[in-house]
Amino acid sequence: MHDRRSLTEHRIERVLNERLKPAVHRRVGALAVQAWHVEGGQGEPVPPSAAFAASYQPFAVGDPWGPAWGTTWFHITGDAPAADTAGPLEIVFDLGWADHSPGFQAEGLVYRPDGTVIKGLNPRNVWIPVEPGKPIDLYVEAAANPLILEIDPFRPTKLGEKTTAGDAPLYRLARAEVCVRDTQVWELVADIEVLDGLMRSLPEQDGWRMELQLGLDRALDVVDLQDVPGSAAAAREVLAPLLARTANQGAHKISAVGHAHIDSAWLWPVRETVRKVARTVSNVTNLLDSDDSLVFAMSSAQQYEWIERERPEVFARLVEHVKGGRFVPTGGMWVESDTNMVGGEAMARQFVMGQGYFREKFGITCSQVWLPDSFGYSAGLPQIVKQAGLTHFLTQKISWNQKNVFPHHTFWWEGIDGTRVFTHFPPVDTYNSDLSSRELAHAASNFRDKGATSYSLAPFGWGDGGGGPTREMLQRAARTKDLEGSAQVSVESPSAFFTKAEADYPDAPVWAGELYLELHRGTYTSQAKTKAGNRRTEHLLREAELWAATAAVRGLADYPAEDLKRLWKVVLLQQFHDILPGSSIAWVHREAADNYAAVEAELEALIADRLAVLAGDGDQPISFNATPFDGAVPALSGAVPQRAGAPVRVDETGDAIVLDNGVVTVTIDATGVVTGLLDRATGRDVVPAGERANLLQLHQDFPNMWDAWDIDEFYRNTVRDLTELDELKVDLADNGSAAVTVRRSFGESSVVQTMVLQPGARQLDCSVDVDWHERETVLKAAVPIDVHTKEAAFETQFGHLVRPTHTNTSWDAARFEVCAHRFVHVAERDFGAAVVNSATYGHDVTRHESADGGTYSTVRLSLLRAPRFPDPETDQGPHARSYAIVVAPDVAAAVDAGYRINLPARQVTGSPVEPLVRIGGEGTAAIEAVKLAEDGSGDVIVRVYEPLGARTRVTLEPGFEHTGARQVNLLEDDAEADGMSVEDGRITLSLRPFQLVTVRLAR
Ligand SMILES: [Zn+2]
């Protein structure tokens, strides 16, 4: 037979696009449209009641509307014709969408005049149901969200901030009419799309492919192009036998989960997300009402709370469907957060707050973590997940790796402490599948665990502003449930999938350690103020809870549970995976800065109040220490008398400045960089001979795409060391410390570097105050350390992970920029150093040949970037950063210094305060949180972990009367004793490396 593949395929495309799809909706009536543009151009949204009362002007199809971020209300009136046998009546209302980027353009929400909601309007969801023979009277709240990620993407744009976005209308109303949706034509389109997509996915010489080709050709022969509605049913009859062919034995099995990935802020502000969620949920409940095959999963308790508060009517419909089991809360988190940078306790609280909400509102404890889009997954996460009551983990983001292909789609993921979580990466490689035959075929062929198991999950539905799953996607699912040559699709919940997948593959392979994303490495650094706000508020929350709990237990003040919960929610929202990573528009980061400032002010006031109450009336200078350690003694967090030390000696006689406190000797040369940091106890110098530490370096930083997200490896090819200076001076302070201040200018920017040596300190404290006006440039601070090692330790949640610093394999080489929390530590067996920080996450560590043989290691902090998309002014202006170079023979010293730089002691006058709880015994354990129980019982919750990667045995010593200690999980439910034992009232913790334990002390 002659090969007519190409001819048939082109024929199908043209007939589908030019004749069949346009024939689905046939005009049967006109509408009158009026519009009211919310006052003030980009005016903020108004409640429906205010919009209904506004005065509307006539508006015609073709008229422009919508300056960026503006809202226009359309009032639609008319008379619906009588019922039509061809299909249901629907209004087609096209706000003027482009045929690409569904979810990133304008959107609408349709109301009845009584304020009740019908459904959303989105680029692939343009219809409104109409009752035959009834008057039409509807309102559409249309949001003129601008397309920021253009078809030619990553161009700097001013659209991301309402003050710079301009007033030009972005859209023209494209269509507004009453139509009949012709059922036979609509079904024929689905038949052809599914079979055509399947045909194209099969091998060229496959017999079934050829049968499909001939069948589709015959079906098109039957279609009368001058009378599509009249011939559609006959064409469907030709295709029916093909659609009736059942799936091959062993076909790949796809659990299709209805979904809409809605970023809680990104290329739009938080206030728009609230409306996006309402629109999408309205669509979803509408579709759940009309099609009982749909199952829809939605994550992020925050998004539920938004519509509960802002759109109660939509929420009521959601609740009904949750009860019916087809609207499935999933993920168990407050938001789909970043997991690289979020601190240990905050990571726990994402789950405590999320699971708490789902339990309270629906009686549901989620068992699947749902993080399809966060930018890598920390090695500390599995333990947190398990202890928050979840058993399964889902993402697909690692498929975005630049270099290395992840070897599994289904596997056990093992964290730093050894906890394993059953994990799945959907091989469909998207969280916005449309269930097209092409995507189903990709999932089946891409699945890397085939042979061993045949189950995968596909989240389907348009995300962000796309409106979620469509009825067309459900048509495809129905046709591929059991179809020869196709994967078999079942629409079902995430837990239905995970139950089957785990039972089928209990001995899945194990991946140990972080799920590092080989992309978006700039997100550890972009939007520096957001990073600083996160770190600061995480630690203020720790302090506030600790001192408030102490004061409450001692009967000195109430525990402000509701205030703390409210403040936590603000901080948890900012940890969303486009806010904390710095990948949102300017508007979002401006609001984040405002939010952090408000949270900081409120927490500082709360802390000051509780410290005053605790310190009482005495006149002794005392120091409140909220770190887990008090010098060498593992303790927690009481207030002790302030200490003093011998003043630092300064020698300025040679070319260099020498600072000496008897513990270390610091040498700073005439260019203001550190050339020596000699540790007296060991005789070792941290700085390799001839190298320069605390050296600021600039690199050009213009990635190939994803500007705020990515830093590309070639940034290293050029470097400028900042060694020219405007001023260098030394000051001695009253407390005996010495400070060297260096002023430098470069480009349009300037920096003041300060290096302080404190009496008795085994570290050099460094700070930089930068007035930053560079563009597409990264600023790094380099600390060469004279240790020969092939790895470094980086703090993550409740412990640290060790990463190679060599580039032996492509996996090692890909980690040229990595995330650390408070410290990075490099060491030989008996000597080492740490670089600790108070607001930095991005780091790199490299190895270099030493002049005297062997190698040394250079730790660099990524202090600032200046990408221009999506925020063209990213990080312009003043920034303060502090860090320290610490002599740290072991990781314990790094852990301690990391806490201290983030939790500086607070000096007040009063009387010493006994800690509320203390760690006793020889071992080391860190108390991460002390708080009162979430249930309001007044019980004290203490969270402890082993920070060194060692076995430890310690006692937990409460400084108050309690009536019993129980081990609980993160949700504060009783847990099986694992590490905790109580004998004669003595609480002993025997912990595995990095084990996390939560203890509830009843009162
Ligand atoms: Zn996302």
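**Entry 1: W412**

I looked up W412 and found that its relative accessible area is 17%, so this tryptophan counts as buried, the cut-off being under 20%. The model I am reading is a predicted one. I placed W412 in strand β18, which covers residues 410-414.

I then listed what W412 touches, leaving aside neighbours within four places in sequence. One group of contacts is R420, V421 and F422. Another runs through E502, Y505, P506, A508, P509, V510 and W511. I also checked the spacing to H424, which is twelve residues from W412 along the chain; the two C-alpha atoms are separated by 8.6 Å.

**Entry 2: the chain as a whole**

I turned next to the overall fold. I noted 18 helices and 55 strands in the chain. The radius of gyration is 31 Å and the globule rule gives 30 Å for 1003 residues, so I recorded the chain as being as compact as a globular protein of that length. For the C-alpha trace I noted spans of about 95 × 65 × 60 Å along the principal axes.

How much of the chain is buried? I found that 62% of the 1003 residues count as buried. The exposed area of the chain is about 35,800 Å², and carbon and sulfur atoms supply 49% of it.

I looked at contacts between residues at least 6 apart in sequence, and 74% of these join residues at least 24 apart. For charge, I noted 95 positive and 138 negative side chains. The centres of these two sets lie 2 Å apart.

**Entry 3: V887**

I located V887 in strand β46, residues 877-887. Its relative accessibility is 3%, and I recorded V887 as buried because the cut-off for that class is under 20%.

Which residues does V887 contact beyond its neighbours within four places in sequence? I found V664, D679, V686, R762, F831, G832 and A893. For V686 I also looked up the spacing: the C-alpha atoms of V887 and V686 are separated by 7.2 Å, while the two residues are 201 apart along the chain.

**Entry 4: H806**

I found H806 in the loop between β40 (799-804) and α17 (810-814). This histidine is buried, with a relative accessible area of 17%. A polar atom of the H806 side chain lies 3.2 Å from the backbone nitrogen of N808. Not counting residues up to four places away in sequence, I listed K790, D812 and R847 as the residues that H806 touches.

**Entry 5: D721**

I placed D721 in strand β33, residues 720-722. Is D721 buried, partly exposed or exposed? At 27% relative accessibility, I recorded D721 as partly exposed.

Setting aside neighbours within four places in sequence, I found D721 in contact with R692, L695, L696 and Q697. With R692 there is a polar contact from side chain to side chain, at 2.8 Å. I also noted H699, which is 22 residues from D721 in sequence, with a C-alpha to C-alpha distance of 9.1 Å.

**Entry 6: backbone exceptions**

I searched last for unusual backbone geometry. Most residues other than glycine have a negative phi, and most peptide bonds are trans.

Where does a cis peptide bond occur? I found one joining F869 and P870, with omega at about 5°. P870 lies in the loop between β45 (855-864) and β46. I had already met strand β46 in looking up V887.

I then noted two aspartates with positive phi. D464 has a phi of about 55° although it is not a glycine. I placed D464 in the loop between β20 (455-460) and α12 (471-479). At 4% relative accessibility, D464 counts as buried.

D984 has a positive phi of about 50° and is likewise not a glycine. Its place is in the loop between β53 (980-983) and β54 (986-991). I recorded D984 as exposed, at 81% relative accessibility. I therefore entered the two loop aspartates under opposite headings, D464 as buried and D984 as exposed.

Note on methods. Residues numbered from 1 in each chain as written. Predicted model: local features only at pLDDT ≥ 70, side-chain atom pairs only at ≥ 80, totals over all residues. Heavy atoms only, no water. Helix = DSSP H or I, 4+ residues; strand = E, 2+ residues; numbered from the N terminus. Rg over C-alpha atoms; globule rule 2.2 N^0.38 Å. Buried < 20%, exposed > 50% of the residue type's maximum accessible area, 1.4 Å probe, protein only. Contact = heavy atoms within 4.5 Å. Areas by Shrake-Rupley, 256 points an atom, 1.4 Å probe, with all protein chains shown as cover. Lys, Arg positive; Asp, Glu negative; His and termini not counted. Charge placed at Lys NZ, Arg CZ, Asp CG, Glu CD. Polar contact = N/O pair within 3.5 Å; in protein donor to acceptor, adjacent residues only side chain to side chain.
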